[in-house]
Amino acid sequence: MSDVAHAHGHDDHGHHAHPTGFMRWLTTTNHKDIGSLYLIFALIMLFAAGAMALMIRAELFKPGLQLVHPDFFNQLTTMHGLIMIFGVIMPAFSGFANWQVPLMLGAPDMAFPRMNNWAFWILPVAGLLLMASFFLPGGAVAGGWTMYPPLFIQGGISYDLTILAVHIMGLSSIMGSINIITTILNMRAPGLTLMKMPLFVWTWLITAYLLIATMPVLAGAVTMLLTDRNFGTHFFNAAGGGDPVMFQHIFWFFAHPEVYILILPAFGIVSQIIPTFARKPLFGYASMVYATASIAILSFIVWAHHMFTVGMPVAAQLFFMFSTMLIAVPTGVKVFNWVATMWRGSMTFETPMLFAIAFVCLFTIGGFSGLVLAIAPVDIQLHDTYYVVAHFHYVLVSGALFSIFAGVYYWLPKWTGHMYSETLGKWHFWLSVIGMNIVFFPMHFLGLAGMPRRIPDYALQFTEFNQIATVGAFIFGFSQLLFLAIVLKTIKGGAKATSKVWEGAEGLEWTVPSPAPYHTFETAPVIK
Amino acid sequence: MADGNAKMLTKLVVATLAMFGFGFAMVPFYYKICEVTGINAGDEQTLVRNTQVDPSRSVTIQFDANVNETLPWRFKPEVRTMTVHPGQLVQVEYVVTNTSAHPIVGQAVPSYGPARAAAFFKKIECFCFTPQTLAAGETRRMPVMFVLDPAVESELHTVTLSYTFFDTDKQAVTGTAKRG
């Protein structure tokens with residue numbers, strides 16, 4: 001990085017001397033720096049929340065209580081969920097957006113570089129608040145990542161810290177989204193119309209709108225929790241005339257669009273990678289855009305499928321059941337288009353493509369178990385069982401996380417100027433994909449057999465499948481150290497990457513040298 | 001371009017603030033929807049339903065009200081007669097007024113005609129359960145909630161519920177005794 005900083009030193013528009021070391025990263029307004037910061041933060045948090053997952057799986061290796069106190073177990077499940085969502089997947093996608101959106105649009109930087117700096121640097125504060133709460137009296141929050149009252153109203157000081165952390169992380173995503181929307185709508189290179197934009201940019205544009213529409217609602221919900229806890233209001237406190245079920249409605253109004261916030265950028269990344277390695281343009285570009293928009297719009301009217309068991313009238317259950325199933329249509333369009341892109345393509349199977357293909361297969365499994373859960377009478381049986389755990393890990397691990405791995409392998413040569421080791425990359429892929437299926441596939445059976453989630457103990461008949469899952473979890477978890485090693489090795493050195501990197505790559509980001517210079521597109525390229 | 005960016009920033013910040021407000025607007029919205037559609041009618045579900053009503057029979061109830069002559073109160077039922085089914089939960093009201101210039105404590109004593117109807121006349125709520133204190137000139141509406149036991153004998157077609165209010169602080173005047 002030092003030579004990059006040096007090159008930047010000469011690039012002088014009357015600024016003062018550029019800070020070095022930590023201050024360089026703290027004060028940076030460069031989209032590439034901030035993109036890297038987001039990705040590094042996400043990687044650190046991945047290992048923190050992954051360690052929590054391994055503690056959970058270790059405890060569940062045998063029935064009975066052996067390693068951790070049940071209350072600490074609850075803290076682990078809660079914090080694992082909160083950190084994986086708000087500290088890993090969302091910041092990683094923000095990192096991709098920061099790096100790639102200006103490069104793909106031919107823009108010199110993001111629209112509001114100073115706000116971009118703030119959006120990132122408040123995140124580690126939220127991360128510290130969350131991690132610090134483990135060391136407070138009563139420990140970290142243990143009421144589940146969904147923050148349901150009455151548990152969330154009753155807990156100790158760490159619950160207030162977590163609410164504050166959620167506020168901060170929400171503010172960070174809102175600032176990031178404002179930046180991304182403005183950059184995409186106002187700063188495209190001349191001739192780059194909306195319907196010519198790379199699909200990754202399209203999915204992020206729609207994701208950013210979802211964030212603007214829902215993050216403030218979450219902020220409102222946790223503010224109500226905070227005033228219920230500290231200022232004597234009774235939004236959710238039944239003793240004062242409030243209604244805890246209302247929290248679930250407000251929360252899921254945010255959190256269902258949130259699950260698409262966690263997957264739409266993944267769709268975008270995969271839609272960039274598959275055409276590159278199939279050496280064919282993306283099949284059905286326009287239908288991909290419309291499908292993404294349809295999913296985003298439908299996500300606002302399906303929230304109550306997360307709460308079929310609260311006691312809804314049959315008419316409401318039918319509405320939420322059928323509207324949820326309707327989402328399978330645009331999602332099916334996407335899967336069809338990815339398969340059609342590969343159809344009769346000249347495919348090669350480099351690591352990004354392997355992860356992208358695994359994404360298409362495994363995300364579809366997660367989509368199907370989602371359809372099963374959408375059926376209200378079935379959901380009442382499966383609610384809060386391991387079937388639900390299996391479902392959302394198939395869409396979030398083999399969906400969102402695999403797309404992040406795919407994206408990192410795909411763009412790492414552009415970011416660092418070095419090729420990663422293909423051999424190690426393939427090892428990482430196969431260990432991950434095998435490990436991931438060993439952890440999460442048995443969970444379907446555990447859930448169908450009735451094992452409840454978020455409980456540190458289980459009935460004897462669930463032992464074998466739990467032991468298989470735990471073995472898989474340790475394979476999957478430790479193979480991520482290989483990923484860390486590959487990334488560090490690629491940053492340090494490796495075969496020189498060309499500008500185009502991949503034979504079939506298309507788009508503006510492949511027209512700049514590798515590594516991408518500190519400043520790119522200071523004069524906008526023209527798209528024919 | 002910077003100008004366009006600033007305009008876009010304003011729009012998006014306004015949208016963000018509006019959605020923050022929307023989160024709070026969902027609170028009254030939620031209660032209104034529950035009220036209109038009756039989705040969240042937990043209160044009604046917890047009320048014990050009376051499944052003992054015998055709609056095949058009707059009994060006329062007459063309501064009567066008296067005041068002992070030491071008590072300067074005016075006391076009357078809101079309805080004089082009513083037809084009810086045995087087992088049906090009924091609520092009626094009496095109106096009482098203190099016509100004197102000072103507060104008085106009174107207590108109502110019920111009686112039934114015929115007297116054997118008393119065993120079947122189940123009062124769930126009645127002003128006669130406690131002494132009533134009325135300020136000078138005060139008027140009060142007082143409820144009686146009752147069920148006529150379905151076990152009531154079938155030849156009973158009319159029941160009279162009669163109340164008499166007494167001044168709890170004074171010796172009641174009974175029979176033909178002289179005042180005072």
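**Two chains, residue by residue**

Reader: Quick one to start: how accessible is B:K32?

Author: B:K32 comes out as partly exposed, with a relative accessibility of 46%. Keep in mind that this is a predicted model. The label fits because 46% falls between the cut-offs of 20% for buried and 50% for exposed.

Reader: OK. And what does B:E35 form with B:K32?

Author: A salt bridge, where the closest N and O atoms of B:E35 and B:K32 are 3.6 Å apart. Both residues belong to helix α1 of chain B (residues 2-37), and because they are three residues apart there, about one helical turn separates them.

Reader: B:E35, buried or exposed?

Author: Exposed: B:E35 has 60% relative accessibility.

Reader: In general, why would side chains like that pair up?

Author: Opposite charges on side chains can pair when the charged atoms come close.

Reader: Staying in chain B, how far apart are N and O in the salt bridge of B:E78 and B:R141?

Author: 2.4 Å, from N to O, between the side chains of B:E78 and B:R141. This pair joins distant parts of the chain, with the two positions 63 residues apart in sequence. B:E78 is in the loop between β2 (73-77) and β3 (81-84), while B:R141 is in strand β8 (residues 139-148).

Reader: What are the accessibilities there? B:E78 and B:R141, please.

Author: B:E78 has a relative accessible area of 43%, which makes it partly exposed. B:R141 is partly exposed too, at 47%.

Reader: Which residues are linked with B:E78 in a network?

Author: B:E93 and B:R141; the three are connected by salt bridges.

Reader: And how many salt bridges over all chains?

Author: The search of the whole structure turns up 12. One in chain A joins the side chains of A:D160 and A:R229, at 2.8 Å from N to O. A:D160 is in helix α8 and A:R229 in helix α9, so this salt bridge ties together parts that are 69 residues apart in sequence.

Reader: Is A:D160 buried or exposed?

Author: Buried, at 17% relative accessibility. A:R229 is also at 17% and counts as buried.

Reader: Let's move to the interface. How many residues of chain A are in contact with chain B?

Author: There are 29 on the chain A side, in contact with 20 residues of chain B. The buried area between the two chains is about 2,100 Å², and carbon and sulfur atoms give 79% of it.

Reader: How many salt bridges between chain A and chain B?

Author: Zero. What does turn up across this interface is four residue pairs in polar contact, both residues being at pLDDT 80 or more.

Reader: Which helices of chain A supply at least two residues to that side?

Author: α8 (157-186), α9 (199-230) and α10 (244-261) each do. The largest share is from α9(A), with nine residues.

Reader: New topic, rings. How many aromatic pairs over all chains?

Author: 63. Take A:Y38 and A:F120: an edge-to-face pair, 5.2 Å centre to centre with 80 degrees between the planes. They are 82 residues apart in the chain, A:Y38 in helix α3 (residues 31-59) and A:F120 in helix α5 (residues 113-121). A:Y38 is buried at 2% relative accessibility, and A:F120 is buried at 3%.

Reader: And what sits over the ring of A:W25?

Author: The charged end of A:R24, 4.3 Å from the ring centre.

Reader: A couple of threonines before I go. Where is A:T146?

Author: In chain A, in the loop between α6 (123-132) and α7 (151-154). A:T146 is buried, with a relative accessibility of 6%. Setting aside neighbours within four places in sequence, its contacts are A:F247, A:F251, A:W252 and A:R454.

Reader: And which helix has A:T416?

Author: Helix α17 of chain A, which covers residues 386-416. A:T416 is buried at 15% relative accessible area.

Reader: What does A:T416 touch?

Author: Leaving out residues up to four places away in sequence, A:T416 touches A:T490, A:I491 and A:P515. A:T490 is 74 residues from A:T416 in sequence, yet the C-alpha atoms are 7.1 Å apart. Also, a polar atom of the A:T416 side chain lies 3.1 Å from the backbone nitrogen of A:H418.

How values were computed. Residues are numbered from 1 along each chain as its sequence is written. Chains are lettered from A and ligands numbered from 1 in the order in which they are written. This is a predicted model: local features need pLDDT of at least 70, side-chain atom pairs count only at pLDDT 80 or more; totals for chains, interfaces and linings use all residues. Side-chain values use heavy atoms; hydrogens and water are left out. Rings of Phe, Tyr and Trp (its six-membered ring) pair if their centres lie within 6.5 Å; planes under 30 degrees apart count as stacked, over 60 as edge-to-face and the rest as tilted. Helices (H or I, at least four residues) and strands (E, at least two) are DSSP runs, numbered from the N terminus. Buried means under 20% relative accessible area, exposed over 50%, partly exposed in between (1.4 Å probe, protein chains only). A charge sits over a ring if NZ of Lys or CZ of Arg is within 6 Å of the ring centre and within 35 degrees of the ring normal. Contact means heavy atoms within 4.5 Å. Buried area is the accessible area (1.4 Å probe) that two parts lose on being put together, summed over both. A salt bridge is a side-chain nitrogen of Lys or Arg within 4 Å of a carboxyl oxygen of Asp or Glu. A polar contact is a pair of N or O atoms within 3.5 Å; within protein, one must be able to donate a hydrogen and the other to accept it, and residues adjacent in sequence count only if both atoms are side-chain atoms.
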